[in-house]
Amino acid sequence: MESITAARKGTASAATVAAPDITSGGQSNVQPQQETDGFHLLIDALKLNGIDTIFGLPGIPISDLTRKAQAAGLRVISFRHEQNAGYAASIAGFMTQKPGICLTVSAPGFLNGLTALANATTNCFPMVMISGSSEREVVDLSQGDYEEMDQLAIARPLAKAAFRVLHAEDIGVGVARAIRAAVSGRPGGVYLDLPAKLFPQTMDAEAGRQSLIKVVDPAPRQIPSQDAVQRALDLIKGAARPLIILGKGAAYSQADADIRALVEKTGIPYLPMSMAKGLLPDTHEQSAAAARSYVLPEADVVVLIGARLNWLLSHGKGKTWGGKSSKAWGGQKFVQVDISPTEADSNVRIDAPVIGDIGSCVKAMLAGIDAKWPKPPAEWLNAIGERKSRNIAKMAETLAKNPTPMNFHSALNVVRDVIKANPDAILVNEGANALDFTRSIVDMYKPRKRLDVGTWGVMGIGMGFSIAAAAVSGEQVIAVEGDSAFGFSGMEVETICRYNLPVCVVILNNNGVYRGDEVNPTGGADPAPLAFTKDARYEKLMEAFGGVGVHVTTPAELRNAMEDAVRSHKPTLINALIDEKAGTESGRITGLNPTAKKA
Ligand code: ADP
Ligand code: TZD
């Protein structure tokens, strides 16, 4: 039983292991027949499908898998917490259209990664979380195995799909199903459960090779019907005050040139959702971002491209949209371009759903738009233009101020300049005020360069997204973080240093959640729940692992530190102290926060 023992111990060094000679009772006379095992079949299946990176955290039963994957030429990025590995995998999926792979150990490791898997599903990011799991027989009888948990059942409601593989010969099918489920149609998070016993299982190498599947056309184009396209074009053509809203589905689709052509050929003003910023440069003359609160209630026909009418768009109704009350319809007609047929009518009536992949839908719409296509009425464009210039001038005035201490605006004015000078840099952003102000102040110039908290507004994506963005693109990453937000994934600065990634973390440090000036109303020794350690020296965390740490209190110091970081590409953490009174409760979504009635 030499080969099986070797494989169990994980000492097999090549893609194949010698098979035991069963005819001689395994005593002697070993035939040089080639075998493979679960470890190698999984690695081969991933490689066959173009997967080149694994984000994970080793331990029983997947330690050897990480070693063998690295030996086989995959890039294995080892994290300090599975949630961060999961976020990394999910954003790698968003950036590349290939499912990001997150690898975890069983029960607690699996659960740590699960938040990221659920977040991927919510955000339509393609990702596969592969977790080792305990013995089925023991788990199913609740006999108390090491890290016992019915992981498949737990993952199922949070994932787009969930699969378990019990036999080595099914690994190829399992991986193929996981990849297809993650990237086809509306992308999402997929769970793949691999019990410990699977990895050392051996089988004939050639049969193993034959069992693997290279997925053909994993995200097939979905062509919209001509009727649907015509219905949408008719509606848009008749509009007096049309508006296009680009969402992160549009950014994901990588149909950048066609989307730009659609916007420019129709002349319709557009609003980018947060992660669609840069799909067209934010400085584009048709961007209505600086007139958002004017265009939403005033528009009569709204074309949604890869954006859902969820809370981020006030559900398409209510006062934001000109409705008379908080739930009243504002009267707009909607075109919705989306790959999911069930998205239409989720919140308000969609008059013209165009169902298909965004690339195909936009192409089909462009085919119906010729040089004679009427531009939107000048009255509409002028009204937007006026509001825009007024708001941009007001913002410029605010940004030019140089208060002491520094505030969000004076600090972000520096980030804005640094991104303008480095448009290929990727901006990762989380926090509340740190998020809202960055989104509105820092212009983006290229697609998929802004990565943030997404549909859930989740804190903790910061370092995972930064690591994946740097690893996948090789570009400079700038992570603008609230001090609370940073804390969720801060230990990963060690990972950033270990892999020597070009990540510059800027913490807008106001000593607490939202702001830092609250006090304990009882006068007791405990701090207020939303207040943190005053003037914490976060930069020392980066220094502890060999990176560059900088403590800054003025915009000039921040500028120098950021420029040094971008020039050197060294892991850098800039602790930017800002006014602890700067910031409002929950940033711009104060209204969602229930508070007790004042007595
Ligand atoms: P945002 O938060 O930017 O408004 P959402 O996450 O709400 O964006 O919406 C993204 C939408 O894009 C989802 O409804 C999803 O189904 C859709 N989508 C994602 N990828 C594609 C694609 N390739 N083609 C068409 N629609 C897509
Ligand atoms: N936990 C998780 C996982 N996600 C969340 N969104 C929250 C908690 C609640 N929360 C926010 O929505 S923003 C935020 C928390 C804790 C932090 C805000 O403080 P900050 O940013 O220091 O990061 P600002 O700039 O001071 O507002």
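## A first look at the model

In this predicted model, leucine 103 sits opposite isoleucine 130 of strand 6. That pair is a good place to start a tour, and the strands around it come next. The model also holds two ligands: ligand 1 is surrounded by 20 residues, and ligand 2 by 17. The points below take the sheets, the ligands, the salt bridges and some backbone details in turn.

**The six-strand sheet**

- Strand 5 (residues 100–104) and strand 6 (residues 127–133) run parallel and are joined by five bridges.
- Both strands belong to an open sheet of six strands, whose order is 4-3-5-6-8-7 and whose pairing is parallel.
- At the edges stand strand 4 (75–78) and strand 7 (161–164), each of which pairs on one side only.
- From one strand to the next, the twist of this sheet averages 20 degrees.
- As general background, the strands of a sheet pair through backbone hydrogen bonds, and the pairing can be parallel or antiparallel.

**The five-strand sheet**

- Another open sheet has five strands in the order 11-10-12-13-14, and here too the pairing is parallel.
- Strand 11 (270–272) and strand 14 (352–355) form its edges; each has a single partner strand, so one side of each has no neighbour in the sheet.
- Neighbouring strands in this sheet are turned against each other by 15 degrees on average, direction ignored.
- Strand 13 (residues 333–338) runs parallel to strand 14, and four bridges join the two.
- Within this pairing, glutamine 336 has proline 353 of strand 14 as its bridge partner.

**Around ligand 1**

- Of the 20 residues that surround ligand 1, the closest are Arg186, Lys248, Arg308, Asp338 and Ile358.
- The side chain of lysine 248 has an N or O atom 2.7 Å from an oxygen atom of ligand 1.
- For the side chain of aspartate 338, an N or O atom lies 2.5 Å from an oxygen atom of the ligand.
- Isoleucine 339 takes part through its backbone: a polar atom there is 3.1 Å from a nitrogen atom of ligand 1.
- On its own, ligand 1 has 580 Å² of accessible area, and the protein covers 96% of this.
- Helix 11 (residues 248–252) gives the largest share of the shell around ligand 1, with three residues.
- Sorted by class, this shell holds eight nonpolar, seven polar and five charged residues.

**Around ligand 2**

- Asn433, Ala434, Gly457, Asp483 and Ala485 come nearest among the 17 residues around ligand 2.
- A polar backbone atom of alanine 485 lies 2.8 Å from an oxygen atom of ligand 2.
- Tyrosine 514 has a backbone N or O atom 3.2 Å from an oxygen atom of the ligand, and for a polar backbone atom of alanine 432 the distance to a ligand oxygen atom is 3.3 Å.
- Taken alone, ligand 2 exposes 600 Å², of which the protein buries 75%.
- Helix 17 (433–441) and helix 19 (483–487) each supply at least two residues of the shell, and the largest share, three residues, comes from helix 19.
- Nine nonpolar, seven polar and one charged residue make up this shell.

**Salt bridges**

- Side chains of opposite charge can pair when their charged atoms come close.
- The count of salt bridges in this model comes to 27.
- One of them links lysine 197 and glutamate 137, with the closest N and O atoms 3.3 Å apart.
- Lysine 197 is in the loop between strand 8 (189–195) and strand 9 (202–204), while glutamate 137 is in helix 6 (residues 136–140), so their pairing ties together parts that are 60 residues apart in sequence.

**Backbone details to look for**

- Isoleucine 60 and proline 61 are joined by a cis peptide bond, with omega at about 0 degrees.
- You can find proline 61 in the loop between strand 3 (53–56) and helix 3 (63–71).
- A cis peptide bond also joins threonine 404 and proline 405, where omega is about -5 degrees.
- Proline 405 is in the loop that runs between helix 15 (378–400) and helix 16 (408–421).
- Serine 142 is not a glycine, yet it has a positive phi of about 50 degrees.
- The location of serine 142 is the loop between helix 6 and helix 7 (151–155).

Technical notes: Residues are numbered from 1 along each chain as its sequence is written. Chains are lettered from A and ligands numbered from 1 in the order in which they are written. This is a predicted model: local features need pLDDT of at least 70, side-chain atom pairs count only at pLDDT 80 or more; totals for chains, interfaces and linings use all residues. Side-chain values use heavy atoms; hydrogens and water are left out. A residue is near a molecule or strand if one of its heavy atoms lies within 4 Å of it. A polar contact is a pair of N or O atoms within 3.5 Å; within protein, one must be able to donate a hydrogen and the other to accept it, and residues adjacent in sequence count only if both atoms are side-chain atoms. Accessible areas come from the Shrake-Rupley method with a 1.4 Å probe; for residues, only the protein chains shown count as cover. Ala, Val, Leu, Ile, Met, Phe, Trp, Tyr, Cys and Pro count as nonpolar, Asp, Glu, Lys and Arg as charged, and the others, Gly among them, as polar. Two strands pair if DSSP finds at least two bridges between them. Axes are lines fitted to C-alpha atoms, for helices over the stretch in contact, and angles run from 0 to 180 degrees between N-to-C directions. A salt bridge is a side-chain nitrogen of Lys or Arg within 4 Å of a carboxyl oxygen of Asp or Glu.
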